[in-house]
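Biologist: Hey, I'm new to this one. Can you walk me through it?
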Amino acid sequence: MSDTRNTGGAASGTTWRNNPSASASAQQAYDPWLQPELFRGVLTKRFFAFLIDLVILSIPIILAIIFVTLFGIVTLGLGWFLFWLISPFSVIWALLYYGMSLGGPNGATVGMRMMDIEMRTWTGERPYFILGAVHAVLYWVSVSFLTPLVLLVGLFNGRRRLLHDIVLGTVFINSSVQASAVPTTRV
């Protein structure tokens, strides 16, 4: 299917999925063969960053459980009806945490910053709130339905991208690499 919009009197000949204004370099900002230092050790760092983020995510949830337990004791068991709020609270908290941290100015969660990695879009731009939240949701869905073995996908591609990274068009790179060495493009 060709795009038959009028672009100076001639059809552009691109399919509807292509962006005719994008250059070839804009479609691929990070090359693992030209810039291997960007991807060196990223999977290991992501694993440890994930563990750090799990600790950070669990702290408010554990505090909420302790509060509801003590409140239930004080109210002779009536406060224990608040336990149903813990599950939705933990989901909302995780979405806000990942959305705000990945979509923030650093493009990384606290664990990722500690491990010196950051998330970027395929074209080199920083992620935004919705992308960060959806990234977390797709990670949990992929691991839940496809077992943790789906994480092995990262071992078989040069950019060390996992399945949910490929679907969303994101890439994780080492933050310590000089910004001048990383070409970002505008589409």
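Modeller: Sure. One term up front: helices and strands here are DSSP runs, with at least four residues for a helix and at least two for a strand. Also, this is a predicted model.

Biologist: Okay, so how much of 128-156 is helix, and how far apart are its ends?
Modeller: That span is 62% helix and 0% strand, and its end C-alpha atoms lie 27 Å apart. By contrast, residues 47-74 are 100% helix, with end C-alpha atoms 41 Å apart.

Biologist: What does UniProt call those stretches?
Modeller: The unreviewed UniProt entry annotates 47-74, 81-100 and 128-156 as "transmembrane region".

Biologist: Switching topic: which residues touch the most others in the largest nonpolar core?
Modeller: Leu-57, Tyr-98, Leu-102, Met-112, Met-119 and Phe-172, out of 14 residues in that core. Helix 1, helix 2, strand 1 and helix 4 each supply at least two of its residues, and helix 2 gives the most, with 4.

Biologist: What is Tyr-98 in contact with, beyond its sequence neighbours?
Modeller: Its partners include Phe-50, Asp-53, Leu-57 and Ala-136.

Biologist: How many aromatic pairs are there?
Modeller: The whole structure has 7. One is Trp-93 with Tyr-97, tilted, at 5.8 Å centre to centre and 45° between the planes. Both sit in helix 2, about one turn apart.

Biologist: Is Tyr-97 buried or exposed?
Modeller: Buried, with a relative accessible area of 7%, while Trp-93 is partly exposed at 23%.

Biologist: And why is the Tyr-139 and Trp-140 pair edge-to-face?
Modeller: Because their planes are at 75°, and over 60 degrees counts as edge-to-face. Ring pairs link those two and Phe-50 into a cluster.

How values were computed. Residues numbered from 1 in each chain as written. Predicted model: local features only at pLDDT ≥ 70, side-chain atom pairs only at ≥ 80, totals over all residues. Heavy atoms only, no water. Core = buried A, V, L, I, M, F, W, Y, C linked by side-chain atoms within 4.5 Å. Buried < 20%, exposed > 50% of the residue type's maximum accessible area, 1.4 Å probe, protein only. Contact = heavy atoms within 4.5 Å. UniProt positions renumbered as here; feature names shortened; annotations may be inferred. Phe/Tyr/Trp six-rings, centres within 6.5 Å; stacked < 30°, edge-to-face > 60°. Lists of a residue's contacts leave out its neighbours within four places in sequence.
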